[in-house]
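Open the model in your viewer and follow the stops below in order.

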Amino acid sequence: MMLNGWFCYVIYTVITGMMRKEVRSWPYSFPQSPDFLKSDQRGSVIGRLSVKDQYLKVGNGPARFAHVGLAAPGDVGSWEFQTKGYQFWTQSNERGIFFIKAVLPGIYNLYSWVPGVMGNYMYESSVTVTPGTNIKLPRLVFKPPRDGPTLWEIGIPDRSAAEFYVPPNETKYNNKLYLKQDKFRQYGLWERYTEIYPKKDLVFTVGTSDYKKDRFFADVLRS
């Protein structure tokens with residue numbers, strides 16, 4: 001106990017010393033750099049996005065809580081593979097209205113994906129942001145790419161594994177941040193797969209299986 005207590009005291013002393021040093025250094029010098037543009041040297045973009053899909057039973061209308069962003073010009077979905085330059089993202093409200101602020105001047109494409117809706121959206125025109133401007137875009141409509149109605153699907157197209165079966169975690173690995181939400185982020189959950197299904201892999205049968213119970217949240221190789 002003495003060793004642990006002394007060790008904690010040393011760590012606490014070092015950390016508080018570093019904190020005081022950083023406080024004395026404020027304000028930092030990097031905001032004074034010409035490469036760090038002030039708010040009046042940046043621009044903003046506002047707009048409203050809606051979804052129009054004749055085969056979608058639920059989800060047409062305002063693109064609720066859509067992820068909307070500005071990134072370098074490219075193709076639909078190309079923002080996912082860009083490794084250079086800046087991207088500026090926000091999330092729309094329940095009415096599909098979004099506001100992207102503090103955008104560096106430049107030429108961008110506007111991209112989006114909507115939880116519950118398949119595919120990526122890209123505004124067909126480029127967006128040119130200049131210092132101090134507030135660009136208001138016309139009404140945007142996302143028509144998901146389709147060849148026909150959905151025959152079947154497993155889960156929800158929301159780029160998350162939260163809706164699938166997430167097994168209880170072992171106590172030694174528990175992270176308190178994910179006890180009530182985002183449980184699939186707990187460390188070590190993949191080890192539970194062979195424990196729960198020791199003899200054969202989980203089989204999902206379309207039409208009868210429930211993805212909340214019969215679809216493991218991750219694709220795991222049997223060890």
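Start with the whole chain in cartoon view: along the sequence it runs α-β-β-β-β-β-β-β-β-β-β-α-α, with helices (H or I, at least four residues) and strands (E, at least two) taken as DSSP runs numbered from the N terminus. The radius of gyration over C-alpha atoms is 24 Å, well over the 17 Å that the globule rule (2.2 Å times the number of residues to the power 0.38) gives for 223 residues, so the chain is more spread out than a compact globule. Its C-alpha atoms fill a box of roughly 70 × 60 × 30 Å along the principal axes.

This is a predicted model: local features need pLDDT of at least 70 and side-chain atom pairs pLDDT 80 or more, while totals for chains, interfaces and linings use all residues. Residues are numbered from 1 along each chain as its sequence is written, and side-chain values use heavy atoms, without hydrogens and water.

Next, select Tyr165, Tyr193, Tyr197, Phe216 and Phe217, which form one aromatic cluster. Rings of Phe, Tyr and Trp (its six-membered ring) pair if their centres lie within 6.5 Å; planes under 30 degrees apart are stacked, over 60 edge-to-face, the rest tilted. Twelve aromatic pairs are counted this way. Tyr193 and Tyr197 make a tilted one, at 5.1 Å between centres and 55 degrees between planes.

Now select Arg42 and Phe36: the charged end of Arg42 sits over the Phe36 ring, 5.7 Å from its centre. Such a contact requires NZ of Lys or CZ of Arg within 6 Å of the ring centre and within 35 degrees of the ring normal. Finish at Arg215, which lies over the face of Phe164, 5.5 Å from the ring centre.
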